[in-house]
Amino acid sequence: MPPSKLTPRRTAQAPGSSGGPGNILGVTSTVETIGPAAARRAALAAQGFADPPPSGPPTRRHLARVLDRVRLLQLDSVNVAVRAHYMPVFSRLGPYDPTLVDDAAWAHSARRPRLLVEAWAHEASLVPVQEWPLLWSGAFRDRWWRTYQPVVDRHPSLVDDIMSAVKELGPIGAGALEKALEAPTRPRPPGASWWERSDVKRICEYLFGTGALTTGARRHFQRLYDLPERVLPPSVLATPVPSAQEAARTLLRGAATALGVATEPELRDYYRLAPAHSQAAVAELVEAGELEQVQVRGWDRPAYRVPGARVPRRITGRALLCPFDPLVWERARTERMFGFHYRIEIYVPEPKRQYGYYVFPFLLDGELVARVDLKADRVAGVLRVPGAFAEPGVDERRVAAELAAELQVMAGWLGLDGVEVGERGGLAAPLRRESAGAHV
């Protein structure tokens with residue numbers, strides 16, 4: 001297929017839907033019934049895949065639009081292709097300067113205030129700074145850092161020492177903190193228990209998890225700890241922490257906006273809220289008219305959406321999605337909504353992997369039509385595709401042409417010279433042929 005006839009990255013048309021009667025919370029009301037295709041289009045529109053692409057190089061304003069859609073960017077240490085927090089922005093905007101995200105998260109000035117802050121939300125994530133007070137409300141289920149409480153209890157003086165050292169030296173990494181706390185100028189107080197170097201890292205993680213510390217900067221992706229008062233705007237720091245139920249309602253409204261149409265467990269999962277808080281908050285939001293229940297044909301649970309949520313008649317365009325993209329991170333939802341069985345196989349022994357180490361689903365015209373195992377070989381200057389696999393029933397020739405073009409765009413964005421397709425998967429051969437003649 002000639003490049004001139006490839007699908008534009010994304011466009012959308014006007015909304016449309018259908019309805020029917022129902023009952024919720026014991027109150028007679030109208031519950032609209034929609035089909036699974038409409039639910040899928042609503043989800044894609046909510047995630048930004050129906051927005052027009054930028055007419056020029058993406059700017060901070062375009063980044064803010066993406067953040068309004070997805071609400072948070074998950075962080076992950078895997079860098080086999082690209083860091084997880086950069087990829088969802090590329091999937092929605094196309095090639096952009098990654099320093100847009102870096103500056104929004106880890107650099108700020110009076111002229112360009114920080115937009116994002118690191119905190120534990122869905123997982124370790126970048127969240128809008130204004131959501132910081134919501135994250136310490138008690139609306140969440142027990143978090144992993146509770147396992148470090150015994151270390152904190154054994155070494156209360158070490159907690160104080162770490163906080164003092166960060167105040168004096170921050171932004172600072174855990175390794176540098178270990179060295180600073182072992183220096184002769186910082187002897188242990190009389191009677192203080194001895195600690196292991198790993199205890200410093202555990203307590204830093206605990207303090208990060210509880211919000212006593214946050215990330216002031218990143219150096220080679222290493223977290224440099226700092227005090228929230230040196231990172232967050234004064235207006236955010238002055239905002240009282242809301243009650244658990246108020247925070248749950250606010251976060252669930254955001255999750256509903258981001259998901260388009262979702263069940264209560266899916267809304268809850270977006271910020272990993274405690275079930276009891278989430279269930280009560282959904283009921284309260286429905287009663288207040290801030291969420292509405294809908295029935296999706298084929299779904300075995302009630303679904304919810306923000307009133308007036310957009311449902312385009314069509315979604316067109318293409319995008320590669322990293323494993324931590326919010327469109328696909330809830331695997332059961334991905335399978336129910338797209339018919340796409342997706343699991344990350346990083347921790348699966350290589351001989352037992354079905355598709356590959358770091359596999360990206362490929363979205364084309366509102367459907368997940370293929371997946372590719374990707375690796376950025378920065379030494380050789382190529383984006384490697386060890387495996388490529390089409391979903392059953394798709395037009396493999398068209399999928400290969402669209403995928404080849406998008407891989408070329410991604411390679412250029414990553415500063416690589418080209419794409420090399422391996423042998424694994426039924427889509428590999430047609431993708432290799434298309435890649436040989438693809439033009440960006």
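**Exercise 1. Work out which strands stand at the edges of the open sheet formed by three strands, and why one side of each lacks a neighbour.**

Solution. Start with the order: in this predicted model, three strands make an open sheet, arranged β4-β10-β11 with mixed pairing. Next, count partners: β4 (32-34) and β11 (303-305) each have a single partner strand, so they are the edges, and one side of each has no neighbour in the sheet. To finish the picture, note that neighbouring strands here are turned by 45° against each other on average, direction ignored.

**Exercise 2. Find out in which sense β4 and β10 pair.**

Solution. Look at β4 beside β10 (residues 292-296): the two run in the parallel sense, joined over three bridges. Then pick out a residue to see how they line up: T33 stands opposite Q295 in β10.

**Exercise 3. Check the span of helix α13, then sort its buried and exposed residues.**

Solution. First the span: α13 (residues 275-287) has 13 residues, and at 1.5 Å a residue they should span 18 Å; the end C-alpha atoms are 18 Å apart, so the two agree. Now the buried residues: they are S278, A281, V282, L285 and V286. These cover an arc of only 135° around the axis, which means they lie on the same side of α13. A helix rule helps here: an α-helix has 3.6 residues a turn, so residues three or four places apart point the same way. Turn to the other side of α13, and you meet A276 and E287, which are exposed. Last, step past the helix: α13 is followed by G289, with a positive phi near 80°.

**Exercise 4. Decide where to read the model with care, using pLDDT.**

Solution. Begin with the whole chain: its mean pLDDT is 89, and 89% of the residues reach 70 or more. Then look for weak stretches: pLDDT stays under 50 over residues 1-28, and also over residues 189-194.

Methods:
Residues are numbered from 1 along each chain as its sequence is written. This is a predicted model: local features need pLDDT of at least 70, side-chain atom pairs count only at pLDDT 80 or more; totals for chains, interfaces and linings use all residues. Side-chain values use heavy atoms; hydrogens and water are left out. pLDDT is the predictor's confidence in each residue, from 0 to 100. Contact means heavy atoms within 4.5 Å. Two strands pair if DSSP finds at least two bridges between them. Helices (H or I, at least four residues) and strands (E, at least two) are DSSP runs, numbered from the N terminus. Axes are lines fitted to C-alpha atoms, for helices over the stretch in contact, and angles run from 0 to 180 degrees between N-to-C directions. The expected span of a helix is 1.5 Å times one less than its number of residues. Buried means under 20% relative accessible area, exposed over 50%, partly exposed in between (1.4 Å probe, protein chains only). The arc is that of the directions from the helix axis to the C-beta atoms.
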